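Me: I am new to this structure and would like a close look at a single part of it. Please take one helix and go through it slowly, explaining the terms as you go.

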Amino acid sequence: MRSYLFVPGESPRDTAADALVLDLTATPGSREAAGRWLDDHRAWVCVHAGGEAAADLRAVARPGLEGVCVPRARSASDIAALGTILAEAEDAAGLPLGTVPVLPRIETAAGVLAAAEIARAPRVSRLYLDDELLRAELGVVAGPDEAEVLWARSAVVLAGAAAGIAQPVGGVCAYPDLLRASTRNLRRLGFGGRVCTDEQQVALVNEAFASA
């Protein structure tokens with residue numbers, strides 16, 4: 001999948017993106033709306049980190065759940081713990097066990113350094129590097145050439161390739177006016193998709209990853 005459109009959990013909609021992601025962390029009280037959408041539509045869901053994840057997963061374990069984005073992924077044990085909760089939610093909802101994939105969001109220095117083990121954790125289909133949140137933790141400044149996150153991007157690409165999973169997903173572009181060039185650079189580095197925040201970005205990202 002080339003494009004992941006993140007929208008608030010209570011505002012699902014049709015999209016040209018390859019994947020719609022209902023973000024339960026964007027606004028409180030969005031679990032029920034997301035669950036209703038998933039009764040007869042397909043989408044990914046971004047759950048809360050920590051203790052709230054269990055309630056999130058119980059609410060969205062519906063037939064249309066395509067996958068789960070896990071924020072602040074720092075270790076394989078984080079993903080394994082969520083996998084246990086997800087299996088319980090699948091079982092309670094009558095869904096086939098172990099079929100919902102996981103997209104760990106790597107956004108910390110610890111997550112980057114543990115990318116290889118995270119990539120090998122159960123259910124992980126690919127990695128997602130959130131450049132913006134990583135920059136904030138590291139205290140580095142975004143530049144048009146994005147050199148400040150080159151090492152982290154390469155580390156995530158290598159981790160995914162070594163684990164035999166799909167190419168990773170890049171974060172939202174720090175310079176929207178440079179989105180096309182930035183996305184082509186991601187593709188050259190070995191990424192296979194990118195997170196978007198609107199349909200205009202979706203169109204540009206889809207084009208960039210589709211072109212030779």
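Which residues of α3 are buried?

Reply: A word on the source comes before the helix. This is a predicted model, in which local features need pLDDT of at least 70 and side-chain atom pairs count only at pLDDT 80 or more, while totals for chains, interfaces and linings use all residues. Residues are numbered from 1 along each chain as its sequence is written, and side-chain values use heavy atoms, with hydrogens and water left out.

In α3, the buried residues are Ile79, Leu82, Gly83, Leu86, Ala89 and Glu90. Here buried means under 20% relative accessible area, exposed means over 50%, and partly exposed is in between, with a 1.4 Å probe and protein chains only. Seen down the axis of α3, these buried residues fall within an arc of 125 degrees, so they line one face of the helix; the arc is that of the directions from the helix axis to the C-beta atoms. On the other side of α3, Ser77, Glu88, Asp91 and Ala92 are exposed.

The helix itself covers residues 76-93, which makes 18 residues, and its first and last C-alpha atoms are 25 Å apart, close to the 26 Å expected at 1.5 Å a residue. That expected span is 1.5 Å times one less than the number of residues. Helices (H or I, at least four residues) and strands (E, at least two) are DSSP runs, numbered from the N terminus.

As for its neighbours, the buried residues of α3 pack against two helices and two strands, namely α2 (53-60), β4 (65-70), β5 (102-106) and α5 (115-119), where contact means heavy atoms within 4.5 Å.

The two ends of the helix also deserve a look. Ahead of α3, in the loop that joins β4 to it, lies Arg72, which has a positive phi of about 55 degrees although it is not a glycine. Most residues other than glycine have a negative phi. Arg72 is partly exposed, with a relative accessible area of 34%. Just after α3, Gly94 takes a positive phi of about 75 degrees.

One of the partners, α2, has a helix neighbour of its own: the axes of α1 (residues 31-40) and α2 come within 8 Å and cross at roughly 30 degrees. These axes are lines fitted to C-alpha atoms, for helices over the stretch in contact, and the angles run from 0 to 180 degrees between N-to-C directions. Arg31, Ala34, Gly35 and Leu38 of α1 make this contact with Ala55, Asp56, Ala59 and Val60 of α2. By class, the contact has 5 nonpolar, 1 polar and 2 charged residues; Ala, Val, Leu, Ile, Met, Phe, Trp, Tyr, Cys and Pro count as nonpolar, Asp, Glu, Lys and Arg as charged, and the others, Gly among them, as polar.

Leading into α1, the loop from β2 (19-23) holds Ser30, which counts as buried at 1% relative accessibility. Leaving aside residues up to four places away in sequence, Ser30 touches Gly9, Glu10, Asp23 and Leu24.

Finally, for the wider setting, an unreviewed UniProt entry lists residues 53-196 as "domain: HpcH/HpaI aldolase/citrate lyase"; UniProt positions are given in the numbering used here, feature names are shortened, and annotations may be inferred rather than shown by experiment. The end C-alpha atoms of that span lie 23 Å apart, and the span is 48% helix and 13% strand.
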